[in-house]
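Please open the model in your viewer and keep the sequence panel beside it. The tour begins with a sheet, moves out to the whole chain, and ends at a single side chain.

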Amino acid sequence: MRVLHLLDHGLPLHSGYAFRTRAILKAELARGWEVAAVTGPRHGPAPADAEMVDGLRFFRTPPVSSRLPGLGEWREIDAFAQRVRQVVKSFRPDVLHAHSPVLCALAGLRVRRWTGVPLLYEIRAFWEDAAVGNGTGREGSLRYRLTKALETHAVRQADAVAVICDGLRGDLVARGIDPAKIAVSPNGVDMELFGEPLPGDAALAAELGLAGAETIGFIGSFYDYEGLDVLIAAMPALVARRPTVQLLLVGGGPAESALRAQAAASSVANRIHFLGRVPHETVERYYSLIDVLVYPRKKMRLTELVTPLKPLEAMAQQRLVAASDVGGHRELIQDGVTGTLFAADDPIALAEALQNLFAERNQWDARKTRARRYVEAKRNWSVNIAVYDGLYENLAIKMA
C-alpha cells in the first residue's frame, strides 16, 4: 500500500497537528506501507523541495502570498494541488489521504480529478469552529457559513471520510452525510514517545521552588478556549483549602499576555508560575513535576465536538487528569475512574474538584493505572492505525 498524505504543515514544526501526523506516518511505516507527505503553502519556507525529517519523507509546497481576502486561499489550493500532482507522478500512490483543514481536501479533490487516485479526507476539527476558538472568526458570520459549506461539500465529494471523534461524526450525520461513509480514527498516543514516565525530577523541582508543594498544571498552547483564565480564577479558593498548592503553566500562545496580567493581579500571584515554551524533548521533565494536569476547556461548539490530545498524553505519563465536562473530554475521561470531570466555566467547581482529588491520595495509584491501561488498549497508535486498513483497501480496490 502506497499512501500520500496531504498536510497543512508537518515536522520539523512542533504542534499537536504535527505530532498526530508523525504518529500516523510512523505507525503506517511500521505496518510495511510506503508513506510520504506533501505539506501545503502554510507550512512556510523549507530548506528543500523534499526532505527527510525523523525518518519521514516530506515534499514541500512554497508559500503563497496574497493580500486580498479569499483570493489567497484559492491561490493556496491551486499551488498545493499542482505540487501534489507532481508528487503523484513520481510516488504513484494508491490513496491520497488529506487531513483538515478543508483547503487540503479541496486540493486533493482537484488531484483526484486529474489523476484518478481516490481521496480519504480526515477531519480533526472543523476549520470554521477552529477559527472561532482561536479568536480569528465569529460563529454565524458570512465567512463562517461559507467555510462550513465548503467543508460539507468536501465531505460529500471525498471517496471516504475519517474523523477523530464521535462528536464530529454526529455533526456530519446531522448535515445529511451517510453514516456508513464516516469512520472514526481517534486521537492516540505514540507509546514510544510516552512509554515510560520519568520519576519526579527533584533537581528541577528545587530549581523552581516546588519542593514539598502540591502541584497542578497545564502543558500546551494558551488559547482562550482552553479556559486557563478559569483555572487562574480558581486558584484563591483552591489555595485556601490546600495551602501548599502551586500552579505551573508550560507553553505559550495568543492568550498569554492576558493570562499573565490576570495572574499578576491575583491574591495568590506567588503561586502561579509561567514557565514558557520548553523543548519537546524535555517536556517529560515537566510532566514529572505535576501531580494533576488540569484541562479547563470552555463550553463552546469546538470543545463540545473535538477531543484533545493532551489529556491522553498525560494519562500515558501516569499523571492524574482533571478536566471540564465538555463533550470532547467526556469522550476521553470516565469521571472518577480514569480522571475527574468538573463543570465547565466555573472556578469554584474547579477548585472543589481539585480539593476533593487531593483529599483522595489513597486512590491515586489505582486511577493512574486504569488511565494508563485505557490509553494502551484504546488510544495507542499501534492499535488505532488499524482503522485505516479497511479504508485504504476499499479505496485501492475502487481505483483498480
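Two strands are said to pair here if DSSP finds at least two bridges between them. The model you are looking at is predicted, and with that in mind the sheet is a good place to begin.

**The sheet.** Colour the strands and follow the open sheet of 8 strands, whose order is β3-β4-β2-β1-β5-β6-β7-β8 and whose pairing is mixed. Its edge strands are β3, at residues 50–53, and β8, at residues 182–184, each of which pairs on one side only. If you turn the view as you step across the sheet, you can follow a twist that averages 25° from one strand to the next. Strands of a sheet pair through backbone hydrogen bonds, either parallel or antiparallel.

**One pair within the sheet.** Next select residues 2–7, which form β1, together with residues 95–99, which form β5; these two strands run parallel and are joined by 4 bridges. Which residue in β5 stands opposite Leu6? Show both side chains and you will find that the partner is Ala98.

**A helix across the sheet.** Now add residues 166–174, which make up helix α6, and display them with β6 (119–123), β7 (160–163) and β8, since these are the strands across which the helix lies. Relative to β8, helix α6 runs at about 170°.

**The whole chain.** Zoom out to the full protein chain, which has 17 helices and 14 strands, and whose C-alpha trace spans about 65 × 45 × 45 Å along its principal axes. The radius of gyration is 22 Å, which agrees with the value near 21 Å that a compact globule of 400 residues would have. Of these 400 residues, 57% count as buried, and of the contacts with a separation of 6 or more, 72% are between residues 24 or more positions apart. If you display the accessible surface, it comes to about 16,500 Å², and 51% of that belongs to carbon and sulfur atoms.

**A single side chain.** Finally, select residues 347–358, helix α14, and pick out Leu357 within the helix. Is Leu357 buried or exposed? Its relative accessibility is 3%, and because buried means under 20%, Leu357 counts as buried. Beyond its neighbours within four places in sequence, Leu357 is in contact with Val292, Leu320, Thr340, Trp364 and Arg367, so these are the residues to display around Leu357. As a last step, set a distance between the C-alpha atoms of Leu357 and Gly339: they are 18 residues apart in sequence and 9.6 Å apart in space.

Methods:
Residues are numbered from 1 along each chain as its sequence is written. This is a predicted model: local features need pLDDT of at least 70, side-chain atom pairs count only at pLDDT 80 or more; totals for chains, interfaces and linings use all residues. Side-chain values use heavy atoms; hydrogens and water are left out. Axes are lines fitted to C-alpha atoms, for helices over the stretch in contact, and angles run from 0 to 180 degrees between N-to-C directions. Contact means heavy atoms within 4.5 Å. The radius of gyration is taken over C-alpha atoms; the globule rule is 2.2 Å times the number of residues to the power 0.38. Buried means under 20% relative accessible area, exposed over 50%, partly exposed in between (1.4 Å probe, protein chains only). Accessible areas come from the Shrake-Rupley method with a 1.4 Å probe; for residues, only the protein chains shown count as cover.
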